[in-house]
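Me: I would like a close look at one part of this structure, with its surroundings described in some detail. Please keep to what can be read from the model.

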Amino acid sequence: MNFGRLISSSLTLSGLPKLCSRSYMSCGGTQRLPHQRLQHRRCLSTNGFRRTDKTVTQSTVVTPFSEKSRTVLQDFGAYVSEILPKYVQRTQITHQGELEVLVCPDGIIPVLCFLRCHTNAQFESLADITAVDVPSRVLRFEVVYNLLSIRYNQRIRVKTYADEVNPLDSAMSVYRGADWYEREIWDMFGVYFRDHHDLRRLLTDYGFEGHPMRKDFPLSGYVEVRFDEEERRIVVEPVELTQEYRKFDLEAPWEPFPKFRPPPTQETLPEPDDPLIEDSKKST
């Protein structure tokens with residue numbers, strides 16, 4: 001029995017390219033040495049053609065957002081608002097051509113279910129969940145859900161709002177991947193998610209006080225962790241800053257922006273008959 005012919009036919013029938021049988025039969029029915037097989041594989045590609053060292057580089061070009069795409073997104077936003085008028089408060093398109101759906105806190109689960117299960121949407125992938133803290137608002141936290149539709153290759157952003165007291169419904173009943181995202185938001189911002197099966201801190205240590213991503217959280221924190229040489233263990237104690245670090249800037253980080261910036265004060269030059277000028281002239 002010719003095992004070489006049997007092996008070559010079995011490789012071809014198993015779905016591998018015919019290059020395997022052709023390369024085997026080209027050597028006259030004898031196997032190649034290891035260094036010969038390696039050299040032979042380097043000069044041949046998977047489709048049987050020779051490789052070239054020429055590389056083609058293409059510059060990355062951002063496709064401009066067309067008016068046709070904007071119209072399609074506007075129509076879909078209006079369609080979602082028409083289907084769920086009780087929960088959708090507004091739809092808008094950002095400057096980067098992304099559709100945003102603003103919903104009330106009670107409608108986050110119905111809207112997510114609609115966007116995931118409806119035939120014209122099919123946003124079955126949850127990219128991530130994040131939050132933004134705006135202390136000047138009554139409901140200071142803005143929770144953002146980024147969804148992806150693999151079927152239509154489209155993205156959508158769902159926004160809702162919350163505060164420190166009123167919780168949001170957990171999205172785990174719709175997207176199982178929302179587990180750690182909601183834990184992170186609870187840890188960093190303090191937004192509580194109702195019906196979450198394991199809402200624990202994710203990034204900070206056990207017993208940590210406060211939520212670091214809030215705007216009113218101090219940059220130095222409340223406690224510090226260090227290794228005590230006498231007790232030979234890690235201790236947690238209140239922050240004690242040395243004298244050179246006690247210069248605090250109590251202004252909020254958003255006050256220097258033009259809307260909140262105080263008007264500049266112009267220094268007035270002394271008048272010609274000011275006695276200060278007269279004294280300076282006499283000294284010169």
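In which loop is Q122 found? From there, please move to the sheet: in what order do its five strands stand, and what lies on either side of β2 in terms of burial?

Reply: The model is a predicted one. Q122 is found in the loop that runs between helix α5 (108-117) and strand β3 (125-133). The phi of Q122 is near 55°, a positive value in a residue that is not glycine. Both elements that flank this loop belong to the description of the sheet, which is taken up next.

The sheet is open and has five strands in the order β1-β2-β5-β4-β3, with mixed pairing. β1 and β3 stand at the edges and have a single partner strand each, so one side of each lacks a neighbour in the sheet. From one strand to the next, the twist averages 20°. Strands of a sheet pair through backbone hydrogen bonds, in either a parallel or an antiparallel way.

Taking the pairings from the β1 edge, strand β1 (residues 88-93) and β2 run antiparallel and are joined by five bridges. One of the residue pairs can be named: V88 has V103 as its bridge partner in β2. β1 and β2 form a hairpin, with five residues between them. In its turn, G97 has a positive phi of about 80°.

T94 also sits in the loop between β1 and β2. T94 counts as buried because its relative accessibility is 17%, and the cut-off for buried is under 20%. Leaving aside residues up to four places away in sequence, T94 touches R70, E100 and R157. Of these contacts, E100 belongs to β2, where E100 is itself buried.

On its other side, β2 is joined to strand β5 (residues 154-162) by four bridges, and these two strands run parallel. Here L102 has K159 as its bridge partner in β5.

Now the burial of β2 itself. Strand β2 covers residues 99-103, and five of its five residues are buried. In a regular strand, side chains alternate between the two faces of the sheet. In β2, L99, V101 and V103 are on one side, E100 and L102 are on the other, and both faces are covered.

Helices supply part of the surroundings of the sheet. Helix α5 has the buried residues I108, I109, V111, L112, F114 and L115. These buried residues pack against β2, and also against α4 (67-83), β1, β4 (141-149), β5 and β6 (168-169). Helix α4 lies across β1, β2 and β5, and runs at about 175° to β1.

At the other edge, β3 and β4 run antiparallel and are joined by eight bridges. I129 has Y145 as its bridge partner in β4. Helix α6 (residues 178-188) packs on the sheet here, touching β3 and β4, and its direction makes about 5° with that of β3. The loop with Q122 leads from α5 to this strand, β3.

A second residue has a backbone feature like the one described for Q122. D195 is not a glycine, yet has a positive phi of about 65°. D195 lies in the loop between β7 (193-194) and β8 (223-228). With a relative accessibility of 67%, D195 counts as exposed, since the cut-off for exposed is over 50%.

The strand that follows this loop, β8, takes part in a surface feature. Y222, V223, V225, F227, I234 and V236 make a nonpolar surface patch of about 590 Å². β8 and β9 (233-238) are the elements that give two or more residues to this patch. The largest share, three residues, comes from β8. V223, one of the patch residues, is in strand β8. V223 counts as partly exposed because its relative accessibility is 39%.

For context, the protein as a whole has seven helices and nine strands. Of its 284 residues, 29% are buried, whereas in β2 five of five are. Among contacts with a separation of 6 or more, 43% join residues 24 or more positions apart. The accessible surface comes to about 21,400 Å², and carbon and sulfur atoms account for 54% of that area.

Conventions. Residues are numbered from 1 along each chain as its sequence is written. This is a predicted model: local features need pLDDT of at least 70, side-chain atom pairs count only at pLDDT 80 or more; totals for chains, interfaces and linings use all residues. Side-chain values use heavy atoms; hydrogens and water are left out. Buried means under 20% relative accessible area, exposed over 50%, partly exposed in between (1.4 Å probe, protein chains only). Two strands pair if DSSP finds at least two bridges between them. Contact means heavy atoms within 4.5 Å. Patches are made of residues with over 30% relative accessible area and no salt bridge: like charges are joined within 9 Å, nonpolar side chains (Val, Leu, Ile, Met, Phe, Trp, Tyr) within 5 Å. Accessible areas come from the Shrake-Rupley method with a 1.4 Å probe; for residues, only the protein chains shown count as cover. A salt bridge is a side-chain nitrogen of Lys or Arg within 4 Å of a carboxyl oxygen of Asp or Glu. Axes are lines fitted to C-alpha atoms, for helices over the stretch in contact, and angles run from 0 to 180 degrees between N-to-C directions.
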